[in-house]
Amino acid sequence: LSTTSTVPATIGGSMHLLSNATLTSSAAAEFTSLGNYSSFKDLHFVFRGLRAATDNVEFVARVAINGTSYLTSNYMSTGLRSYSDNSSESHDNWQSGSVIMRHRYVANDSYISGHADLFGFNNTTHKKALVSHVTLRTYSNYIQNTITSGSYDASDGTNAITAIQFYMSSGNITSGQITMYGIKNA
């Protein structure tokens, strides 16, 4: 295809730009009315140059199943991080019941970049899953690679997700972009 060719949306398995949030001193990035994207099976989010206002915070996400009433419990999430300062390296893991995504130890003098995939967000039969992978510099000057996975796991966990919110556990996101893409069924 040439650079001016357009791929029809009816072709399955394609990725489509749905929304872009450019953040400047923002409390959160919210992607709402996800029910409007029923022709997409999954959502892909790209994090570019996110910067925290506060040092030693967490970059987290929560979902809503009714408008934008973000849920604060009944999640199952876990993460694994590896980190190094060029003289030593280590790794650890954690779990959380209060967020669907969690990346810890964010420095306010560096950037977060990476992506997250929200699988089956409109499905009302199965529980949803989110997987994310980011790189960041920690407040203690380590380079960190983090992979997390999570799901909303309440007894009503089969409800469609209507919104997702990305934010820092304390303080604003001073700059950066989060872009949402829809993945068509193949």
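These are legends for a set of close-up views of a predicted model.

**View 1. Arg81, Asp92 and Arg104 join up in a salt-bridge network.**
Start with Arg81 and Asp92, whose side chains meet in a salt bridge at 2.9 Å, N to O. This pair links distant parts of the chain, with Arg81 in strand 5 and Asp92 in strand 6 (residues 89–96), 11 residues apart. Asp92 has another partner in Arg104, and here the closest N and O atoms are 3.7 Å apart. Arg104 comes from strand 7 and sits 12 residues from Asp92 in the chain. What puts the three residues into one network? The salt bridges share partners. Arg104 counts as buried, at 12% relative accessibility. As a bit of background, side chains of opposite charge can pair when their charged atoms come close.

**View 2. Arg81 and what surrounds it in strand 5.**
Is Arg81 buried or exposed? Arg81 has a relative accessible area of 7%, under the 20% cut-off, so it counts as buried. Besides the 2.9 Å polar contact between its side chain and that of Asp92, Arg81 has a side-chain polar contact of 2.6 Å with Gln144. Arg81 also lies over the face of Tyr83, at 3.9 Å from the ring centre. Leaving aside neighbours within four places in sequence, the contacts of Arg81 include Ser90, His91, Trp94 and Arg104. Tyr105, Thr138, Asn145 and Thr146 are also among them.

**View 3. Arg102 and Glu58 make a salt bridge between two strands.**
In this pair, the closest N and O atoms of Arg102 and Glu58 are 3.0 Å apart. Arg102 belongs to strand 7 (residues 101–106) and Glu58 to strand 4 (residues 57–64), and their positions lie 44 residues apart in the chain as the separation is counted. How do the two partners compare for exposure, buried or partly exposed? Arg102 is buried, with a relative accessible area of 16%, while Glu58 counts as partly exposed at 21%. The model has 3 salt bridges in total, and the Arg102 and Glu58 pair is one of them.

**View 4. Tyr75 and Tyr152 meet as an edge-to-face pair.**
The two ring centres are 5.8 Å apart and the planes sit at 70 degrees; over 60 counts as edge-to-face, so that is what this pair is. Tyr75 is in strand 5 (residues 75–84) and Tyr152 is in strand 10 (residues 143–152), so to speak a link across 77 residues of chain. Both rings belong to buried residues: Tyr75 has a relative accessible area of 4%, and Tyr152 comes in at 5%. The structure holds 9 aromatic pairs.

**View 5. A cluster of Phe rings in the largest nonpolar core.**
Which residues do the ring pairs link into a cluster? They are Phe31, Phe45, Phe47, Phe59 and Phe166. These five turn up again in the largest nonpolar core, which has 36 residues: together with Ile164 and Ile178, they touch the most other members. Strand 3 (residues 40–52) gives the most to this core, with 6 residues.

**View 6. Ile164 and its contacts.**
Ile164 is one of the core residues that touch the most other members. With neighbours within four places in sequence set aside, its contacts include Phe31 and Phe45, which also belong to the Phe cluster. Also among the contacts of Ile164 are Ala29, Leu34, Ala61, Val63, Tyr70, Leu118 and Leu130. Glu30 and Arg62 complete the list.

**View 7. Ile112, a buried residue in strand 8.**
Strand 8 covers residues 112–119 and holds Ile112. The relative accessible area of Ile112 is 1%, so this residue is buried. Its contacts, again leaving aside neighbours within four places, include Phe47 and Phe59, two members of the Phe cluster. Others are Arg48, Gly49, Leu50, Val106, Val134, Thr135, Leu136 and Met168. How far is Ile112 from Ser38 in space? The C-alpha to C-alpha distance is 29 Å, and the two residues are 74 apart in sequence.

**View 8. Lys184 sits over the ring of Phe40.**
The charged end of Lys184 is 5.1 Å from the centre of the Phe40 ring.

Technical notes: Residues numbered from 1 in each chain as written. Predicted model: local features only at pLDDT ≥ 70, side-chain atom pairs only at ≥ 80, totals over all residues. Heavy atoms only, no water. Phe/Tyr/Trp six-rings, centres within 6.5 Å; stacked < 30°, edge-to-face > 60°. Helix = DSSP H or I, 4+ residues; strand = E, 2+ residues; numbered from the N terminus. Buried < 20%, exposed > 50% of the residue type's maximum accessible area, 1.4 Å probe, protein only. Lys NZ or Arg CZ within 6 Å of the ring centre and 35° of its normal. Salt bridge = Lys/Arg side-chain N within 4 Å of Asp/Glu carboxyl O. Core = buried A, V, L, I, M, F, W, Y, C linked by side-chain atoms within 4.5 Å. Contact = heavy atoms within 4.5 Å. Polar contact = N/O pair within 3.5 Å; in protein donor to acceptor, adjacent residues only side chain to side chain.
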